[in-house]
Amino acid sequence: TTTMTTTTTTTTLPPLKVVVDVQGQSGKFTVFEESKGRGSGIQITMDALREVDAQGNAVGTSGSTKHSINTFAPQSFSIAAAE
(Lines give C-alpha, C1' and ligand atoms only; values in the text may rest on other atoms or scores of the structure.)
Protein backbone atom coordinates (compact mmCIF):
# COMPACT_ATOMS: atom_id res chain seq x y z
CA THR A 1 0.00 0.00 0.00
CA THR A 2 1.33 3.45 -0.98
CA THR A 3 0.16 6.59 0.76
CA MET A 4 0.57 9.98 -0.94
CA THR A 5 0.28 13.25 0.93
CA THR A 6 -0.17 16.58 -0.86
CA THR A 7 0.37 19.92 0.81
CA THR A 8 -0.93 23.14 -0.72
CA THR A 9 0.41 26.50 0.36
CA THR A 10 -1.33 29.75 -0.56
CA THR A 11 0.67 32.96 -0.43
CA THR A 12 -0.71 36.43 -0.90
CA LEU A 13 1.78 38.81 -2.46
CA PRO A 14 1.62 42.53 -1.77
CA PRO A 15 0.40 44.62 -4.71
CA LEU A 16 3.16 45.79 -7.05
CA LYS A 17 3.25 49.14 -8.77
CA VAL A 18 4.36 48.54 -12.34
CA VAL A 19 5.55 51.55 -14.31
CA VAL A 20 5.56 51.91 -18.10
CA ASP A 21 8.03 54.59 -19.19
CA VAL A 22 7.40 55.60 -22.81
CA GLN A 23 10.47 57.10 -24.51
CA GLY A 24 8.85 59.83 -26.60
CA GLN A 25 7.57 58.58 -29.93
CA SER A 26 10.52 56.28 -30.61
CA GLY A 27 8.47 53.10 -30.33
CA LYS A 28 10.41 52.20 -27.17
CA PHE A 29 9.11 51.78 -23.66
CA THR A 30 10.45 50.28 -20.45
CA VAL A 31 8.32 48.25 -18.02
CA PHE A 32 9.55 47.94 -14.44
CA GLU A 33 8.49 47.55 -10.83
CA GLU A 34 8.60 51.01 -9.27
CA SER A 35 10.34 49.91 -6.06
CA LYS A 36 13.18 48.23 -8.02
CA GLY A 37 13.82 51.08 -10.45
CA ARG A 38 14.08 51.44 -14.21
CA GLY A 39 17.36 49.51 -14.38
CA SER A 40 15.58 46.32 -13.30
CA GLY A 41 12.98 46.50 -16.08
CA ILE A 42 12.74 45.37 -19.65
CA GLN A 43 12.85 47.66 -22.65
CA ILE A 44 10.51 46.89 -25.53
CA THR A 45 11.25 48.27 -29.00
CA MET A 46 8.56 48.34 -31.66
CA ASP A 47 10.30 48.82 -35.01
CA ALA A 48 7.39 48.36 -37.39
CA LEU A 49 3.90 46.93 -37.57
CA ARG A 50 2.71 45.05 -40.63
CA GLU A 51 -0.36 43.04 -41.53
CA VAL A 52 0.56 39.77 -43.22
CA ASP A 53 -1.39 36.89 -44.71
CA ALA A 54 -1.15 33.24 -43.62
CA GLN A 55 2.03 32.79 -45.67
CA GLY A 56 3.70 35.83 -44.08
CA ASN A 57 3.36 38.11 -47.12
CA ALA A 58 2.60 41.79 -46.46
CA VAL A 59 -0.93 42.86 -47.39
CA GLY A 60 -2.33 46.33 -47.97
CA THR A 61 0.87 47.72 -49.47
CA SER A 62 -0.83 49.53 -52.35
CA GLY A 63 -3.72 51.96 -52.53
CA SER A 64 -4.47 54.94 -50.33
CA THR A 65 -5.04 52.99 -47.11
CA LYS A 66 -1.90 51.18 -45.95
CA HIS A 67 -1.87 48.23 -43.56
CA SER A 68 1.54 48.91 -42.02
CA ILE A 69 3.51 51.38 -39.93
CA ASN A 70 7.21 51.57 -40.79
CA THR A 71 8.10 53.97 -37.99
CA PHE A 72 6.42 54.93 -34.75
CA ALA A 73 7.82 58.49 -34.73
CA PRO A 74 4.66 60.17 -36.12
CA GLN A 75 2.28 57.88 -34.21
CA SER A 76 0.64 58.78 -30.95
CA PHE A 77 -0.27 55.99 -28.56
CA SER A 78 -1.04 55.53 -24.90
CA ILE A 79 -0.88 52.64 -22.50
CA ALA A 80 -3.81 52.20 -20.13
CA ALA A 81 -5.20 49.63 -17.74
CA ALA A 82 -7.31 46.89 -19.28
CA GLU A 83 -11.04 47.47 -19.08
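This section describes the β-sheet of a predicted model and the pairing of its strands.

The sheet is open and consists of three strands in the order β1-β2-β3, paired in the antiparallel sense. Strands β1 (18-22) and β3 (42-45) occupy the edges; each has a single partner strand, so one side of each is left without a neighbour in the sheet. From one strand to the next, the twist averages 20°.

The pairing of β1 with β2 (residues 28-33) is antiparallel and extends over five bridges. Within this pairing, Val20 has Val31 of β2 as its bridge partner, and Asp21 lies opposite Thr30, also in β2. The two strands form a hairpin in which five residues separate β1 from β2. The turn of this hairpin includes Gly24, for which a positive phi of about 55° is computed.

On the other pairing, β2 and β3 run antiparallel and are joined by four bridges. Here Thr30 stands opposite Gln43 of β3. Thr30 of β2 thus appears in both pairings, with Asp21 opposite it in one and Gln43 of β3 opposite it in the other. The order β1-β2-β3 is accordingly reflected in the bridges, five of which belong to the pairing of β1 with β2 and four to that of β2 with β3.

Note on methods. Residues numbered from 1 in each chain as written. Predicted model: local features only at pLDDT ≥ 70, side-chain atom pairs only at ≥ 80, totals over all residues. Heavy atoms only, no water. Pairing = 2+ DSSP bridges. Axes fitted to C-alpha atoms, helices over the stretch in contact; angles between N-to-C directions.
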